[in-house]
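Thanks for coming, everyone. I'd like to walk you through one model today, so let me put it up on the screen.

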Amino acid sequence: MELSISQSPRLRFSSVSPRFSAASNHHRPSLHLAGKLISRHKDAAFTSLSSSCMRSKLVSTNFRKISIRACSQVGAAGSDPVLDRISRFQNACWRFLRPHTIRGTALGSTALVARALIENTHLIKWSLVLKALSGLLALICGNGYIVGINQIYDIGIDKVNKPYLPIAAGDLSVQSAWLLVIFFAVAGLLVVGFNFGPFITCLYSLGLFLGTIYSVPPLRMKRFPVAAFLIIATVRGFLLNFGVYHATRAALGLSFQWSAPVAFITSFVTLFALVIAITKDLPDVEGDRKFQISTLATKLGVRNIAFLGSGLLLVNYVSAISLAFYMPQVFRGSLMIPAHMILASCLIFQTWILEKANYTKEAIAGYYRFIWNLFYAEYLLFPFF
């Protein structure tokens with residue numbers, strides 16, 4: 001057995017068992033080798049000391065690293081399971097609300113309120129802020145109910161088409177989802193009923209009813225392409241714009257009256273909502289075919305529906321540019337014309353990208369996200385037209 005007490009290969013002492021002592025006596029070093037060994041004793045001692053210092057530094061560094069790693073592991077192990085559960089539930093609820101639809105609802109309502117205030121700046125009061133926020137809360141609740149009830153009845157389809165959704169992914173139970181949609185419906189109706197009067201409450205209830213029959217058997221209108229498109233266009237296009245503008249004018253003490261810009265945006269986004277209803281089925285063709293759900297995408301094919309959606313949006317943009325030319329006293333043509341020309345060009349380019357990608361699933365998803373971005377852009381620009 002050999003015991004090394006330094007890293008120098010020149011100075012090494014060995015401890016051997018008695019049975020090998022005699023054999024090692026035959027190989028004793030000569031005197032001149034011993035002299036060289038003694039003459040180099042100081043160098044060897046210095047080398048041993050340096051090696052020892054280096055070893056102590058490495059041990060110290062490794063100890064610090066191990067300590068840090070151990071502390072982090074202890075911290076992770078010591079995290080509060082209740083807080084982790086709450087965090088996971090919050091994340092699941094946020095995904096359950098379908099954030100991209102919330103953005104559309106929030107932008108649409110904000111744009112309509114802003115337009116009504118721009119038309120009547122002399123009636124603006126700070127007391128209206130709380131009412132506007134309560135209206136936005138009610139719209140988000142209504143949006144959450146409609147997209148939530150759809151997920152509850154589409155679990156099997158979503159496991160194929162949208163496995164990242166919380167119910168399909170197993171992050172949210174069906175029971176919890178039911179509690180959420182009931183809460184959204186009740187909270188939304190209470191907020192609207194207490195703040196906006198019977199007429200707006202009836203419009204809000206109509207939106208909830210249409211969202212229900214879209215997803216819930218036995219009607220389940222999403223099975224029928226034309227009915228499904230009309231429901232989405234009505235709820236997200238007409239009811240949202242008309243209802244918000246009507247409620248804002250009522251809050252300002254004014255009777256309802258269409259203005260040309262509001263009539264334009266209502267028509268524009270109603271057609272846009274129809275395009276969203278058509279193109280939303282593009283990423284879902286696989287699951288729809290598996291569950292025998294008839295959509296235009298399953299009947300006519302992905303390429304034809306993509307071209308149809310892009311064509312309808314181009315009609316929208318051409319109409320907006322034409323309105324700016326023929327009604328310069330109503331619209332700001334210096335902004336409205338170039339803005340819609342740019343958006344139309346971007347749409348053509350995105351459709352070309354989809355064609356070049358040969359309609360892969362990733363390209364289709366990117367195209368559908370781009371349609372939503374165009375939808376957001378219209379609402380962002382509308383108050384300035």
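So, to get going: what percentage of the 385 residues in this protein is made up of buried residues? Buried residues come to 42%. Keep in mind that this is a predicted model. The average pLDDT is 83, and 79% of the residues score at least 70. The weak part is residues 1-77, where pLDDT stays under 50. For that stretch the model has 17 contacts beyond four places in sequence. Where pLDDT is low, the predicted coordinates should not be read in detail. I'll leave that part alone, then.

On to the fold. What do we have in the way of secondary structure: how many helices, and how many strands? There are 17 helices and zero strands. If you take the contacts with a separation of 6 or more, 75% of them link residues 24 or more positions apart.

UniProt, in an unreviewed entry, has the feature "transmembrane region" at residues 172-190, 226-246, 258-279, 300-327, 333-354 and 366-384. Let's check two of those against the model. Residues 258-279 are 91% helix and 0% strand, with the end C-alpha atoms 30 Å apart. Residues 300-327 come out at 93% helix and 0% strand, and there the end C-alpha atoms are 38 Å apart.

That second stretch brings us to helix H15, residues 302-326. H15 has 25 residues and reaches 36 Å from its first C-alpha to its last, close to the 36 Å expected. Which of its residues are buried? Val302, Ile305, Ala306, Gly309, Ser310, Leu313, Asn316, Tyr317, Ala320, Ile321 and Ala324. If you look at the spacing in that list, remember your helix geometry: an α-helix has 3.6 residues a turn, so residues three or four places apart point the same way. And what covers those buried residues? The cover includes helices H12, H13, H14, H16 and H17.

Hold on to Tyr317 for a second. The largest nonpolar core has 85 residues, and Phe272 and Tyr317 touch the most other members. H17 gives the most to this core, with 12 residues. Where does the core sit relative to the two domains? Domain 1 (91-257) and domain 2 (260-384) both give residues to this core, so it lies between them. As for Phe272, leaving out residues up to four places away in sequence, the ones it touches are Leu313, Asn316, Tyr317, Ile371, Leu374 and Phe375.

Now over to helix H10, residues 197-215. Its 19 residues should span 27 Å at 1.5 Å a residue, and the end C-alpha atoms are 28 Å apart, so that agrees. Its buried residues include Ile200, Leu203, Tyr204, Gly207, Leu208 and Gly211. Among what covers them are H6, H9 and H11.

Right after that helix there's a loop worth zooming in on. Proline 218 is in the loop between H10 and H11, and a cis peptide bond joins it to proline 217, with omega about 10 degrees. Arginine 220 is in the loop between H10 and H11 too, and its phi is near 40 degrees, a positive value in a residue other than glycine. Is arginine 220 buried or exposed? Arginine 220 is buried, because its relative accessible area is 12% and the cut-off is under 20%.

There's a similar story at arginine 98, in the loop between H4 and H5. Phi there is near 55 degrees, again positive in a residue other than glycine. Arginine 98 has 16% relative accessibility, so it counts as buried.

Two last residues. Threonine 105 is in helix H5 and is buried, at 4% relative accessibility. Beyond its neighbours within four places in sequence, threonine 105 is in contact with Leu139, Asn143, Arg236 and Leu240. Threonine 105 and leucine 136 are 31 residues apart in sequence, and their C-alpha atoms are 8.4 Å apart.

Then phenylalanine 256, in the loop between H11 and H12. With a relative accessible area of 26%, phenylalanine 256 is partly exposed. Not counting residues up to four places away, phenylalanine 256 touches Phe242, Tyr245, His246 and Arg249. From histidine 246, which is 10 residues away along the chain, the C-alpha separation is 5.7 Å.

That's my tour. Over to you.

How values were computed: Residues are numbered from 1 along each chain as its sequence is written. This is a predicted model: local features need pLDDT of at least 70, side-chain atom pairs count only at pLDDT 80 or more; totals for chains, interfaces and linings use all residues. Side-chain values use heavy atoms; hydrogens and water are left out. Helices (H or I, at least four residues) and strands (E, at least two) are DSSP runs, numbered from the N terminus. The expected span of a helix is 1.5 Å times one less than its number of residues. Buried means under 20% relative accessible area, exposed over 50%, partly exposed in between (1.4 Å probe, protein chains only). Contact means heavy atoms within 4.5 Å. UniProt positions are given in the numbering used here, feature names are shortened, and annotations may be inferred rather than shown by experiment. A nonpolar core is a set of buried Ala, Val, Leu, Ile, Met, Phe, Trp, Tyr and Cys residues joined through side-chain atoms within 4.5 Å. Domain bounds come from an automatic or database domain assignment. pLDDT is the predictor's confidence in each residue, from 0 to 100.
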